[in-house]
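User: I'd like to learn how to read salt bridges, pockets and surface patches in a model. Can you walk me through this one?

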Amino acid sequence: MSCWQTIADYGLRSLGIGERLLPRSDFTLCEQVTLIGSGMIWNVYLGVVALVAGFALATLVAVGKAQANPFLRKPAEWFIFLFRGSPLFIQFFFGYFLFLSLKQAVPTFDVLSSAWAGALVVLFFNTAAYSGEIFHGALQSVPKGDQEAAEAYGITGWRKFRRITWPTMLRLAWPAYTNEAIFLFHATTLVFFTGFPAVQQRGDALYYASYFADKTFNPFVPYPILAGYFIVLTLCIIGIMGAINRRLNRHLPQARPRRPRLLPQIIR
């Protein structure tokens with residue numbers, strides 16, 4: 001079987017498209033690269049959806065924690081404490097058993113016992129808690145002079161938050177938030193080790209890497225392949241987040257690298 005045929009058969013296997021059975025013996029490098037890459041589709045899906053949805057909740061949590069009203073501040077503080085204070089691995093297990101209990105009481109919650117929905121909910125709350133703390137710190141660091149200048153021009157309330165406070169908060173928090181985004185995508189590999197089952201052997205990238213490591217008794221081929229995929233994914237995240245950061249700071253003067261100049265006294 002050629003490598004192109006292998007890609008056609010297993011490239012989208014994690015989505016249920018292509019060959020149903022995994023290869024049993026004589027594993028080729030192309031098969032390992034293709035199947036692990038197929039599993040990366042789920043890692044990217046979990047990371048992107050959790051990051052985008054968690055961004056909105058993190059903003060609300062950060063604003064809530066900054067409020068003087070204890071009925072708004074305390075729930076935000078306890079939410080952050082709960083998800084930052086417990087390991088993500090344990091949160092996956094508790095989430096899975098909670099969703100199983102809800103499934104028995106209300107059959108509508110059956111979808112949450114699957115990895116694509118249940119694990120996504122856990123990642124969503126986890127990244128919202130970490131990002132909310134990052135945004136809260138940035139919110140506290142917004143210069144008071146900017147807000148006073150806005151009020152002097154008659155910009156108050158929601159308009160001030162939307163045009164002054166929130167953009168400044170994002171600019172201050174974005175480098176740390178980029179690290180949280182990278183951590184979130186790396187944390188998607190924990191889904192394989194939790195109770196969320198891989199239906200019909202359609203798992204994430206670590207699922208396929210572990211499969212090849214168990215069958216060949218050689219972890220030094222599939223796991224470096226997996227690491228290579230995540231390095232490429234990390235570079236993509238850095239590039240995208242860096243572009244957004246430049247967009248957020250487009251009004252600020254950019255430092256230009258100095259060109260080296262030969263001193264006249266050196267040339268003789």
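Analyst: Sure, and keep in mind that this is a predicted model. Let's start with a cut-off we'll need: a residue is buried under 20% relative accessible area, exposed over 50%, and partly exposed in between. Take Glu133: its relative accessible area is 23%, so Glu133 is partly exposed.

User: What does the side chain of Glu133 meet in a salt bridge?

Analyst: General idea to begin with: side chains of opposite charge can pair when their charged atoms come close. Here the partner of Glu133 is Lys65, with 2.6 Å from N to O. This pair ties together distant parts of the chain, as Glu133 sits in helix α5 and Lys65 in helix α2, 68 residues apart.

User: And Lys65, is that residue buried or exposed?

Analyst: Buried. Lys65 has a relative accessible area of 18%, so it falls in that class, while Glu133 at 23% is partly exposed.

User: How many salt bridges does the model have by this rule?

Analyst: The count comes to 5. Another one to look at joins Arg73 and Glu77, whose closest N and O atoms are 3.5 Å apart. Both residues lie in helix α3 (residues 70-85), 4 residues apart, which is about one turn of the helix.

User: Which other side chain meets Glu77 in a salt bridge?

Analyst: Lys74, with 3.5 Å from N to O. Glu77 and Lys74 are 3 residues apart in helix α3, so about one helical turn separates them. Put the bridges with shared partners together and you get one network of Arg73, Lys74 and Glu77.

User: How accessible are Arg73, Glu77 and Lys74?

Analyst: Go through them one by one. Arg73 has 22% relative accessibility, so it counts as partly exposed. Glu77, at 25%, is partly exposed too, and Lys74 gets that label at 39%.

User: OK, on to pockets. How do I read those?

Analyst: The general idea is that rolling a probe the size of a water molecule over the atoms shows where empty space is left. In this model, the largest pocket has a volume of about 340 Å³. It is lined by 17 residues, and the closest to its centre are Ala115, Pro197, Ala198, Val199 and Arg202. Helices α2 and α5 (115-140) each supply at least two residues of that lining.

User: What is the lining of the largest pocket like by class?

Analyst: You'll find 12 nonpolar, 3 polar and 2 charged residues there.

User: And what about the second largest pocket: which residues lie nearest its centre?

Analyst: Those are Val48, Leu51, Phe185, Ile240 and Met241, out of 13 lining residues. The elements giving two or more residues to this lining are α2, α7 (157-187) and α9 (222-248). Helix α9 gives the most, with 6 residues. As for volume, the second largest pocket has about 250 Å³. Its lining by class is 13 nonpolar, no polar and no charged residues.

User: Where is Val48, and what else does that residue take part in?

Analyst: Val48 is in helix α2 (residues 29-65). Besides lining the second largest pocket, Val48 belongs to a nonpolar patch on the surface with Val44, Val49 and Val52, and together the four have about 280 Å² of accessible area.

User: Why can Val48 be in a surface patch?

Analyst: Patch members need over 30% relative accessible area. Val48 has 38% relative accessibility, so it passes that cut-off and counts as partly exposed.

Methods:
Residues numbered from 1 in each chain as written. Predicted model: local features only at pLDDT ≥ 70, side-chain atom pairs only at ≥ 80, totals over all residues. Heavy atoms only, no water. Patch = residues over 30% accessible without salt bridge, like charges linked within 9 Å, V, L, I, M, F, W, Y side chains within 5 Å. Areas by Shrake-Rupley, 256 points an atom, 1.4 Å probe, with all protein chains shown as cover. Buried < 20%, exposed > 50% of the residue type's maximum accessible area, 1.4 Å probe, protein only. 1 Å grid on protein atoms, 1.4 Å probe; cavity = no way out; pocket = protein on both sides within 12 Å on 5 of 7 lines; lining within 4 Å. Points joined across faces, edges and corners; volume = space filled by probe spheres on them. Nonpolar A, V, L, I, M, F, W, Y, C, P; charged D, E, K, R; others polar.
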